[in-house]
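Please examine the model shown below before reading further. The questions that follow concern the arrangement of its strands and helices.

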Amino acid sequence: MAENAKSLASSALKGERVTLEARVVKVSKSELRRQLSLKLRTQESFLIASLDGDAIGEDKWQEAQLLTPESIVRIGGHIYASPGEEAISDKGVTNGHAEAVLDATHTIYVDDLIIIAKASPNLPTFRRDELFALGLEERLNNRILDVRHGASGAIFKLHSGMCQLIVEFLCSKGFHWVHTPRIITATITGDNEFFHLPYFGGDSWLAQSSQHHKQMALSMDMQRVFEIGPVFRAEVKSRASARHMTEFTVLDVGMVFQDEYHEVVSMIESMLVFVFRGLQERRQFRHLIETVKRFYPSTREFRIGLDEHGNVPRITFLEAKRILREELGFEAPDNKNFTDQEEAALGQYFRSSPKLGQTDVFTIDQFPASMRQFNSRANPDVPGLSNTWDTIVGGREICSGSERLNGYDEVRSAMRAGVCGPPLDPEADQWQPYLTAFKSGMPRHGGVGLGVNRLLQGFLGLDDVREVTLFPRDVNRLAP
């Protein structure tokens with residue numbers, strides 16, 4: 001029967017028996033008596049185990065003296081807390097087994113010991129008070145030990161939770177989870193960021209996006225589709241960038257709309273608010289956020305500021321450029337996309353402005369057509385602009401979306417025009433499967449690609465996207 005934290009604290013004060021598994025942090029041996037003191041780690045917290053050689057038996061006593069840091073042990077014994085202290089667990093004890101983390105103010109007097117796995121001696125030391133002095137590269141070189149640290153491990157549990165919330169929201173709105181190929185044949189001429197992949201004597205490439213296959217699924221009358229999966233981009237700038245990698249996880253969403261593309265924008269904004277609130281309000285995620293905040297100095301409370309209609313604030317591309325020039329002192333020409341510095345400045349501006357909701361999430365709408373892909377629809381009322389948007393989270397662009405062209409002839413014309421990028425040949429064999437979706441009749445639709453790693457990075461306020469990527473890949477890194 002599960003007990004809450006208060007019950008566990010009471011059990012500790014009464015000296016009741018518990019059984020748990022933990023990793024060894026440190027072994028200290030008494031010089032005068034047959035006793036060992038083990039500092040143990042269970043998830044994000046610590047406790048002390050006191051071993052008496054006479055209590056556990058001679059064979060186990062000999063084994064215990066050879067324990068090394070990072071070994072896994074299963075211990076049974078009676079737990080005591082110092083007077084006035086409470087166990088800091090909210091998961092309790094089930095059937096006498098501690099499922100939760102305890103505090104180092106608690107001591108278990110061990111009468112049963114099983115060594116589950118003995119770690120090799122002389123492993124790198126990852127003390128929590130020295131973790132960040134090691135530097136990210138050294139931590140990535142020892143990723144297994146790094147993620148065992150409470151704060152690093154909490155990040156990836158939050159990553160899992162964030163993906164669960166995304167799926168929960170989209171499925172509740174009638175979206176279908178699809179799976180599309182990562183080996184493709186259609187690429188943009190002159191785009192050097194595709195990874196080439198020899199394929200049984202022919203040529204193929206790794207996908208940078210699942211957008212085209214997602215559109216093909218919409219042409220199959222699936223109406224609403226999404227996918228979460230890896231994409232690949234030969235980003236040379238990932239050599240020194242804190243926001244680019246060569247492999248990363250993307251949420252791709254495609255949706256048929258009834259009247260106009262802002263239906264898609266609103267759906268994505270609603271999803272983001274649902275995810276952020278879920279992370280902040282659900283107990284299991286709140287605990288993890290607090291763990292991250294204790295050890296990462298750059299983290300801060302994420303702000304969800306909504307406008308008077310209860311929506312994520314939106315401004316146009318041209319208005320964002322005006323703010324940068326007139327209120328924030330940037331040059332910010334209208335014919336160039338936002339720099340990383342400009343996005344960060346806009347993020348600070350929205351976070352600190354009561355007029356704009358003091359929010360860490362907002363949308364920039366109506367980008368110039370020259371900055372968007374060939375299949376994005378131009379604004380029919382304002383020449384030069386397009387029905388496209390970016391959403392900013394924590395001062396970084398985390399997703400780009402657009403209303404897509406849906407007519408067969410207009411897609412072919414847009415390919416030939418080469419408004420953004422080089423002209424494409426709609427007669428080329430590589431484009432025929434894609435164009436068949438339009439030849440067969442494509443509904444009006446929009447879509448978005450959202451960087452899942454960046455989304456968590458922006459939510460937590462971390463400095464480097466590799467902090468939220470379990471096994472990051474960039475120009476310099478192919479291991480572990």
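Two strands are said to pair if DSSP finds at least two bridges between them. Strands (E, at least two residues) and helices (H or I, at least four residues) are DSSP runs, numbered from the N terminus. The model is predicted, so local features need pLDDT of at least 70 and side-chain atom pairs count only at pLDDT 80 or more, while totals for chains, interfaces and linings use all residues. Residues are numbered from 1 along each chain as its sequence is written, and side-chain values use heavy atoms, with hydrogens and water left out.

Q: Which residue in S11 is the bridge partner of Leu197?
A: Strand S10 covers residues 196-199 and strand S11 covers residues 202-206; four bridges join them, and they run antiparallel. One of the partnerships is that of Tyr199 with Gly202 in S11. For Leu197, the bridge partner in S11 is Ser204.

Q: Which residue in the turn of the S10 and S11 hairpin has a positive phi?
A: The hairpin formed by S10 and S11 has two residues between the strands. In that turn, a positive phi of about 50 degrees belongs to Phe200.

Q: Which are the edge strands of the open sheet of three strands?
A: The three strands are arranged in the order S9-S11-S10, and their pairing is antiparallel. An edge strand here pairs on one side only. The edge strands are therefore the two ends of that order, S9 and S10.

Q: In what order do the eight strands of the open sheet with mixed pairing lie?
A: One edge of this sheet is strand S8 (176-177), and the other is strand S14 (314-316); each pairs on one side only. S8 is joined by two bridges to strand S12 (residues 224-232), and these strands run parallel. Trp177 has Phe226 of S12 as its bridge partner. The full order is S8-S12-S13-S18-S17-S16-S15-S14.

Q: How far apart in sequence are the parts tied together by Arg182 and Glu227?
A: Side chains of opposite charge can pair when their charged atoms come close. Arg182 forms a salt bridge (a side-chain nitrogen of Lys or Arg within 4 Å of a carboxyl oxygen of Asp or Glu) with Glu227, the closest N and O atoms being 3.4 Å apart. Arg182 lies in the loop between S8 and strand S9 (183-184) and Glu227 in strand S12, so the pair ties together parts whose separation is 45 residues.

Q: Are H7 and H13 roughly parallel or roughly perpendicular to each other?
A: Axes are lines fitted to C-alpha atoms, for helices over the stretch in contact, and angles run from 0 to 180 degrees between N-to-C directions. The axes of H7 (residues 211-222) and H13 (residues 432-439) come within 9 Å and cross at roughly 30 degrees. Angles under 35 degrees count as roughly parallel, over 145 as roughly antiparallel, 65 to 115 as roughly perpendicular and the rest as oblique. H7 and H13 are therefore roughly parallel.

Q: Which residues of H10 and H11 make their contact?
A: The axes of H10 (residues 317-326) and H11 (residues 340-352) come within 11 Å and cross at roughly 85 degrees, and the two helices are therefore roughly perpendicular. Contact means heavy atoms within 4.5 Å. From H10 the contact takes Ala320, Lys321, Ile323 and Leu324, and from H11 it takes Glu342, Ala345, Leu346 and Tyr349.

Q: Which strands does H11 touch on the sheet?
A: H10 lies across S14 and strand S15 (361-365), running at about 85 degrees to S14. H11 packs on the sheet with a direction that makes about 125 degrees with that of S15. The strands touched by H11 are S14, S15, S16 (388-393) and S17 (396-404).

Q: How many residues are in the connection by which a hairpin joins S1 to S2?
A: Strand S1 (residues 17-29) and strand S2 (residues 35-42) run antiparallel and are joined by six bridges. Across this pair, Arg23 stands opposite Arg41 in S2. The hairpin joins S1 to S2 through a number of residues equal to five.

Q: Which residue in S3 stands opposite Lys39?
A: S2 and strand S3 (residues 45-52) run antiparallel, with eight bridges between them. Opposite Lys39 in S3 stands Ile48.

Q: Which two residues does a cis peptide bond join?
A: The omega of this bond is about 0 degrees. Pro480 is found in the segment after helix H14 (452-460). The cis bond joins Ala479 and Pro480.
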